[in-house]
Amino acid sequence: MKINTLLFDLDGTLINTNELIIESFLHTLNKYYPDKYKREDVFPFIGPTLYETFESINPEKKEEMVEVYRKFNHEQHDKLVTEFETVFETIQTLKEKGFKLGIVTTKIRTTVNMGLKLTKLDQFFDVVVTLDDVEHAKPNPEPIFKALEQLDAKPEEAIMVGDNHHDIGAGKNAGTKTAGVAWSIKGRDYIESFQPDYVLDKMSDLLAIVGVE
């Protein structure tokens with residue numbers, strides 16, 4: 001079955017929000033637990049939804065902590081977000097070659113729109129499925145099924161590309177091919193451990209996989 005559809009996670013895959021996310025977690029956690037958390041302590045929080053993370057830390061204060069996080073995150077967004085190497089050119093090429101392109105993310109739409117607009121990637125994606133659009137976040141397959149339905153695509157024609165086990169798990173659960181990115185903040189070995197079908201060293205590696213010269 002020929003691949004005609006590519007679904008992407010956003011943060012840590014297309015755009016480099018790592019510094020923004022780390023700073024947002026540290027800002028929030030330092031407010032409630034001064035000097036308790038260091039940079040490396042927040043790496044495990046990258047991937048799950050904010051509600052899942054803060055629920056695990058302080059269920060009573062989770063709503064409040066999400067608000068504190070998002071306020072800081074949005075204020076600092078344009079200063080700290082950059083795009084990864086070869087992303088723009090690769091997505092542009094895939095669009096020109098007629099591939100169906102979608103984003104499947106655990107972020108809320110407001111934050112997603114900010115990132116896409118800043119990096120000028122917003123012009124390429126036909127479908128964006130955010131946390132606001134689903135009942136169950138990745139690794140549940142619901143967001144992927146939703147994106148595929150809107151793109152009129154089948155799972156076996158698609159690849160889900162991401163930097164986290166939630167992305168690879170969601171792809172496998174939905175029946176798509178999966179590609180992990182070696183620039184995941186958690187490292188190449190981490191993403192390889194979930195056995196994606198492909199591992200990308202840079203985004204342009206995707207072109208050869210889908211048969212674009």
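**Exercise 1.** Divide the lining of the second largest cavity by residue class, then find where that lining comes from.

*Solution.* Step 1. The lining of the second largest cavity is made up of 4 nonpolar, 4 polar and 2 charged residues. The model behind these values is a predicted one.

Step 2. The residues themselves are Leu10, Asp11, Ile15, Thr17, Leu20, Asn73, His77, Lys107, Thr111 and Val112. Two elements, α3 and α5 (109-118), give two or more residues to this lining.

Step 3. To assign the classes, note that Leu, Ile and Val count as nonpolar, and Asp and Lys as charged. In the list, Leu10, Ile15, Leu20 and Val112 are therefore nonpolar, and Asp11 and Lys107 are charged.

Step 4. The space in this cavity comes to about 60 Å³.

**Exercise 2.** State how many cavities of 30 Å³ or more the structure holds, and describe the largest cavity.

*Solution.* Step 1. There are 2 cavities of 30 Å³ or more. The largest cavity contains about 280 Å³ of space.

Step 2. Its contributors of two or more lining residues are α1 (18-32), α3 (62-80) and α7 (165-174).

Step 3. In total, 26 residues line the largest cavity, and those nearest its centre are Asp11, Gly47, Pro48, Thr106 and Lys107.

Step 4. Sorted by class, the lining of the largest cavity has 9 nonpolar, 10 polar and 7 charged residues.

Step 5. Asp11 and Lys107 lie nearest the centre of the largest cavity, along with Gly47, Pro48 and Thr106; Asp11 and Lys107 are also listed in the lining of the second largest cavity.

**Exercise 3.** Find the residues that a cis peptide bond joins, and place the proline in the chain.

*Solution.* Step 1. The cis peptide bond is between Lys138 and Pro139, with omega at about 10°.

Step 2. Pro139 belongs to the loop that runs between β5 (127-129) and α6 (142-151).

**Exercise 4.** For Asp35 and Asp152, give phi and the loop, then decide: buried or exposed?

*Solution.* Step 1. Asp35 is a residue other than glycine, yet its phi is positive, near 60°. Asp152 is not a glycine either, and its phi is about 55°.

Step 2. The loop between α1 and α2 (50-57) holds Asp35. Asp152 sits in the loop between α6 and β6 (158-162).

Step 3. A residue is exposed when its relative accessible area is over 50%. Asp35 has 72% relative accessibility, so Asp35 is exposed. Asp152 has a relative accessible area of 65%, so Asp152 is exposed.

Technical notes:
Residues numbered from 1 in each chain as written. Predicted model: local features only at pLDDT ≥ 70, side-chain atom pairs only at ≥ 80, totals over all residues. Heavy atoms only, no water. 1 Å grid on protein atoms, 1.4 Å probe; cavity = no way out; pocket = protein on both sides within 12 Å on 5 of 7 lines; lining within 4 Å. Points joined across faces, edges and corners; volume = space filled by probe spheres on them. Helix = DSSP H or I, 4+ residues; strand = E, 2+ residues; numbered from the N terminus. Buried < 20%, exposed > 50% of the residue type's maximum accessible area, 1.4 Å probe, protein only.
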